[in-house]
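Hi,

Here is the structure I promised to pass on. Have a look at it first, and then read my notes underneath.

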2 protein chains.
Amino acid sequence: MKLATYKDGSRDGQLVVVSRDLSTATFATGIATRLQQALDDWNFIAPQLQDVSVALNHHKARHAFPFDPRQCMAPLPRAFQWADGSAYLNHVELVRKARGAEMPESFHGDPLMYQGGSDDFLGPCDPVPFGDAAWGIDFEAEVCVVTGDVAMRASPEQALEGVRLVLLANDWSLRHLIPPELAKGFGFLQSKPSTAFSPVAVTPDELGDAWQGGRLHLPLTCTWNGRKVGHVDAGPEMSFHFGQLIAHLAKTRNVRAGTLVGSGTVSNADRTRGYACIAEKRALEMIEDGEAKTGFMQFGDVIRIEMKRDDHSVFGAIEQQVVECD
Amino acid sequence: MKLATYKDGSRDGQLVVVSRDLSTATFATGIATRLQQALDDWNFIAPQLQDVSVALNHHKARHAFPFDPRQCMAPLPRAFQWADGSAYLNHVELVRKARGAEMPESFHGDPLMYQGGSDDFLGPCDPVPFGDAAWGIDFEAEVCVVTGDVAMRASPEQALEGVRLVLLANDWSLRHLIPPELAKGFGFLQSKPSTAFSPVAVTPDELGDAWQGGRLHLPLTCTWNGRKVGHVDAGPEMSFHFGQLIAHLAKTRNVRAGTLVGSGTVSNADRTRGYACIAEKRALEMIEDGEAKTGFMQFGDVIRIEMKRDDHSVFGAIEQQVVECD
């Protein structure tokens with residue numbers, strides 16, 4: 001099934017069930033009002049939402065209405081955890097190479113992951129306000145999952161069974177704030193502002209054989225100001241699958257229902273596939289030409305991130321404009 | 001007023017109002033069931049809770065019962081954000097000096113802060129399970145605050161007005177996991193397991209003149225296996241006050257209601273005051289004797305963290321035993 005959260009003026013919005021083709025939706029009235037509520041009690045609530053989903057897909061749902069992604073908040077407008085991996089080692093290697101650093105051999109066995117802020121996510125079509133265009137505004141197109149409860153010390157296989165939903169993320173990054181912030185040693189804080197998510201989150205069964213081995217084998221398209229800059233395959237080059245990423249997070253603590261875990265920027269070694277964040281394009285330019293030519297995003301710029309299967313949008317599109325703070 | 005969260009088998013527990021002397025409590029029935037709910041709608045709900053608090057302190061509350069901190073979850077058993085500063089520069093300087101590093105001059109103007117996990121907090125008297133005692137198990141006694149909504153780019157003064165509640169934290173740390181994790185460059189993840197909080201969170205007005213300039217001017221006592229190891233003043237040596245810490249967090253994004261912001265390990269330059277984390281004691285030993293003699297915590301060890309005013313416990317005590325994972 002496919003789930004979304006409609007804006008209703010509240011902090012957590014209203015849970016809606018969305019049809020497979022994203023054409024119609026219906027409120028999950030009488031079942032759950034918020035997505036976190038469904039995740040907290042998944043085994044009881046999910047089957048009821050699934051019944052609504054079946055009715056909706058057969059055009060038999062009562063009170064169905066046209067689905068409008070512009071009415072969406074992030075599926076979880078705020079969450080109790082957002083932990084973002086960096087599972088495409090091609091990306092990690094390129095970015096390091098551009099600054100003259102080697103990628104440690106250990107990175108092949110031990111995932112990179114950072115703890116992100118999760119109290120104020122952006123909806124898929126929300127404008128993205130920044131105080132200064134000189135901060136190096138960049139998108140990062142990612143796949144991510146929402147987990148149920150995963151116990152401390154879960155194996156990657158156990159952790160993978162904890163995946164409840166799959167969605168897309170735009171992990172906004174402020175590139176010029178990153179080097180000084182990471183130099184302080186405590187990871188990202190100001191350099192990773194609010195993250196945006198796709199209109200719809202889907203259960204793994206909706207993905208059929210595209211969801212295999214804890215990876216999503218579909219192409220992710222990034223379109224910057226109307227120009228397609230990336231069409232990268234999210235599947236085969238994801239060096240750590242989602243079960244491995246979740247297990248990494250669960251090594252020393254329980255991971256609780258509603259945790260979002262991201263893949264990191266999707267990246268392919270084949271350069272004709274383009275890029276899913278500007279930093280990677282700039283890294284390639286540095287390596288090849290000695291200088292980065294592509295600038296970061298400016299106020300007014302629009303980024304669109306979408307994943308299609310058989311020409312149908314799976315999660316709906318993230319489409320956001322960068323704006324200047326009031 | 002003083003607020004706590006009682007265990008009731010649910011993820012978020014039951015909000016209770018606690019008397020000033022911590023002797024009695026009453027459920028906030030009919031007002032709010034969860035603390036996050038009160039924080040989401042503070043201006044409407046807080047005055048109602050305050051009325052209950054007044055009645056309770058005058059022994060006029062209906063259905064009051066003896067308050068038992070062992071029944072408490074963390075005041076927010078899970079939160080949408082936990083960002084922990086490192087505001088006592090004496091601590092930062094000592095730890096760096098012990099490993100032969102200078103503290104950058106910029107640290108005097110730019111707070112250190114890390115984004116922590118917030119999906120699975122520990123109650124004040126909950127056992128603390130770890131997989132391996134060789135990880136270097138350490139406590140960190142801190143003051144922290146819960147905020148309301150604070151807008152992006154708030155000034156330190158505006159941010160300070162966003163403080164809703166004050167409480168204590170024990171920011172459990174796995175010291176031997178920290179160096180390799182920080183070396184990866186993305187901050188803490190596995191090395192910072194679930195954090196514990198004091199039984200009670202209090203509104204700033206409860207603190208009287210001990211709450212001044214965004215700092216809490218009271219001594220924090222740490223007792224390790226029955227031996228008092230620290231009695232540190234949380235006030236004057238806090239180099240950045242809570243308004244500055246919250247404003248740092250809000251530079252590039254909104255900070256939403258229910259965010260927890262920590263002070264970092266409380267630390268005094270006067271060494272006779274002792275320590276609020278073992279790492280600092282070990283740093284002093286390294287500097288003075290060339291080797292760290294004090295070991296980290298072992299399974300079975302107990303740490304008690306408490307803050308008193310006129311010999312009365314303000315927040316109740318955090319008292320936790322380290323145990324081995326099942």
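One thing before the details: this is a predicted model.

Starting with chain A and how its contacts are spread along the sequence: if you take the contacts between residues at least 6 apart, 74% of them join residues at least 24 apart. The secondary structure of this chain comes to seven helices and 21 strands. Its radius of gyration is 19 Å, close to the 20 Å that the globule rule gives for 326 residues, so chain A is as compact as a globular protein of that length. If you want a feel for the dimensions, the C-alpha atoms fill a box of roughly 60 × 45 × 35 Å along the principal axes.

What about inside and outside? Of the 326 residues in chain A, 63% count as buried. The accessible surface is about 12100 Å², and carbon and sulfur atoms account for 48% of that. On the charge side, chain A has 31 positive and 42 negative charges, and the mean positions of the two sets are 1 Å apart.

Now for a helix you may want to click on: H3 of chain A, residues 89-98. Seven of its 10 residues are buried, so H3(A) is largely enclosed by the rest of the structure. The buried ones are A:Leu89, A:Asn90, A:His91, A:Val92, A:Leu94, A:Arg96 and A:Ala98, so you'll find A:Arg96 and A:His91 on that list along with A:Leu89 and A:Leu94. And what do the buried residues of H3(A) pack against? That would be helix H7 of chain A, residues 278-289. Just after H3(A) comes A:Gly100, which takes a positive phi of about 80 degrees.

Over in chain B, have a look at helix H6, residues 242-249. Here seven of the eight residues are buried, so H6(B) is also largely enclosed by the rest of the structure. Those buried residues are B:Phe242, B:Gly243, B:Leu245, B:Ile246, B:Ala247, B:His248 and B:Leu249.

Last, the place where the two chains meet. The contact takes 53 residues from chain A and 53 from chain B. Together the chains bury about 5000 Å² between them, with 52% of it on carbon and sulfur atoms. Which three residues supply more of the area that chain B buries against chain A than any other three? They are B:Phe80, B:Lys184 and B:Phe186, which supply 18% of it.

Shout if you'd like to go through any of this together.

Cheers

Definitions and conventions:
Residues numbered from 1 in each chain as written. Chains lettered and ligands numbered in written order. Predicted model: local features only at pLDDT ≥ 70, side-chain atom pairs only at ≥ 80, totals over all residues. Heavy atoms only, no water. Helix = DSSP H or I, 4+ residues; strand = E, 2+ residues; numbered from the N terminus. Rg over C-alpha atoms; globule rule 2.2 N^0.38 Å. Buried < 20%, exposed > 50% of the residue type's maximum accessible area, 1.4 Å probe, protein only. Contact = heavy atoms within 4.5 Å. Areas by Shrake-Rupley, 256 points an atom, 1.4 Å probe, with all protein chains shown as cover. Lys, Arg positive; Asp, Glu negative; His and termini not counted. Charge placed at Lys NZ, Arg CZ, Asp CG, Glu CD. Buried area = accessible area lost by both parts, 1.4 Å probe.
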